[in-house]
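Please open the model in a viewer and follow the stops below in order. Each stop names a selection and then describes what is found there.

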Amino acid sequence: MQRIINFVLRYRNAFLYAFFAFIALVMTIRSHSYHQSKFFNSSRWVSGSIYGAGSDVSSYFNLQEENKRLVEENQQLRKMLFNAQYDSIEPLDSTLAIYQVLNARLIKNSFTSPRNYVLIDKGEKDGVQQDMGVITTDGILGIVENVSNNFATVQSVLNTKSNINAKIKGTEYFGSLIWDTKDYKVVQLIDIPRLVPLVVGDTIVTGGMSSIFPENVPIGIIKKYDLNASKSFYDIDVELFSDMANIKNVYLIENKDKEEIEELESRTIE
């Protein structure tokens with residue numbers, strides 16, 4: 001207590017000056033409309049800045065929840081898009097829908113080895129099955145290879161074992177999408193016949209000739225192509241839409257008719 005008293009006595013002149021300055025300021029503001037206007041505008045600016053900062057902090061902590069909501073909304077929109085070709089499917093959550101869509105997050109990603117795989121945070125208990133197609137917000141990622149109760153591994157398109165049916169958008173010219181391991185941003189489209197007119201920048205999409213991916217899922221654009229005189233098919237480099245080094249959220253596609261289609265094809269081959 002004595003320290004406080006000594007402090008006040010030591011700086012009594014400063015405190016006295018501050019007190020009279022405050023009184024003078026109040027009297028000036030109250031007696032002049034111009035000063036009143038400036039004071040209240042300044043106070044509103046200060047309070048607005050404080051509330052704005054508080055709102056920014058609150059928004060930051062709500063980002064994760066907002067991102068989750070957007071991912072789920074995107075999941076439903078993609079389900080609607082994939083099933084749009086079936087006129088009889090009207091309700092978005094109808095059990096009659098051919099394609100179902102799940103969302104997941106990457107917890108491990110590789111893109112520099114010849115055989116790249118991705119680990120996601122969903123498994124059998126979430127409805128993930130082997131051979132489900134996996135896409136990003138921009139394009140394809142790969143195909144589910146192994147599944148445990150809580151996790152799954154995805155064979156990336158950046159894998160020498162990967163072979164995905166693809167076509168030039170707006171045409172019915174199909175080929176196979178493979179990877180030559182040279183560049184993680186570029187894959188190769190083969191088996192496109194030389195009679196097909198190509199243009200650098202043409203869009204490549206899934207062909208829909210397999211039971212894994214729906215038709216017309218974006219893949220990338222033609223970066224360059226070459227036609228060897230001795231060959232009947234193009235060698236095409238496709239620049240991927242998906243940034244394979246920077247992926248967080250993915251969507252898994254289930255074709256509910258896949259098992260029936262594969263069983264029928266197996267019987268036909270036999």
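**A surface patch on a helix**

Begin by selecting Phe19, Phe22 and Ile23, which together make a nonpolar surface patch of about 300 Å². The model on display is a predicted one. Within this patch, attention may be given to phenylalanine 19, which belongs to helix H2, residues 12-31. Is phenylalanine 19 buried or partly exposed? Its relative accessible area is 48%, so phenylalanine 19 counts as partly exposed.

**The whole chain**

Next, clear the selection and display the entire chain. Its secondary structure consists of 4 helices and 12 strands. Of the 270 residues in the chain, 31% are buried. The chain exposes about 17,400 Å², and carbon and sulfur atoms account for 55% of that area. Among contacts with a separation of 6 or more, 56% are between residues 24 or more positions apart.

**The barrel that includes S1**

Now select strands S1, S2, S5, S4, S3 and S12. In that order they form a closed barrel of 6 strands with antiparallel pairing. From one strand to the next, the twist averages 45°.

Within this barrel, restrict the view to S1 (residues 99-109) and S2 (residues 115-120). These antiparallel strands are joined by 3 bridges. Which residue in S2 is the bridge partner of leucine 106? It is isoleucine 120.

**Serine 148, between S4 and S5**

Proceed to serine 148, in the loop that links strand S4 (140-147) with strand S5 (152-159). With a relative accessible area of 35%, serine 148 is partly exposed. Show its surroundings as well: apart from neighbours within four places in sequence, serine 148 is in contact with Gly123 and Glu124. Then add glutamine 129 to the selection. It is 19 residues from serine 148 in sequence, and the C-alpha to C-alpha distance between the two is 9.3 Å.

**The barrel that includes S6**

Select strands S6, S7, S8, S11, S10 and S9. Taken in that order, they make up a closed barrel of 6 strands, again with antiparallel pairing. Here the twist from one strand to the next averages 40°.

Three pairings in this barrel may be inspected in turn:

- Select S8 (residues 186-190) and S11 (residues 235-240), which run antiparallel and are joined by 4 bridges. Valine 187 stands opposite valine 238, a residue of S11.
- Keep S11 in view and add S10 (residues 218-226); the two strands pair in the antiparallel sense over 6 bridges. Lysine 224 has aspartate 237 in S11 as its bridge partner.
- Keep S10 and add S9 (residues 203-206), which pairs with S10 in the antiparallel sense over 3 bridges. Valine 205 has proline 218 in S10 as its bridge partner.

**Two loop residues with positive phi**

Finally, select threonine 181, which is found in the loop between strand S7 (174-178) and S8. Threonine 181 is not a glycine, yet its phi is positive, at about 75°. Its relative accessibility is 37%, so threonine 181 counts as partly exposed.

The last selection is asparagine 216. Where does asparagine 216 lie? The residue is in the loop between S9 and S10. Asparagine 216 also has a positive phi, of about 75°, although it is not a glycine. A relative accessible area of 41% makes asparagine 216 partly exposed.

Key. Residues numbered from 1 in each chain as written. Predicted model: local features only at pLDDT ≥ 70, side-chain atom pairs only at ≥ 80, totals over all residues. Heavy atoms only, no water. Buried < 20%, exposed > 50% of the residue type's maximum accessible area, 1.4 Å probe, protein only. Contact = heavy atoms within 4.5 Å. Patch = residues over 30% accessible without salt bridge, like charges linked within 9 Å, V, L, I, M, F, W, Y side chains within 5 Å. Areas by Shrake-Rupley, 256 points an atom, 1.4 Å probe, with all protein chains shown as cover. Salt bridge = Lys/Arg side-chain N within 4 Å of Asp/Glu carboxyl O. Pairing = 2+ DSSP bridges. Axes fitted to C-alpha atoms, helices over the stretch in contact; angles between N-to-C directions.
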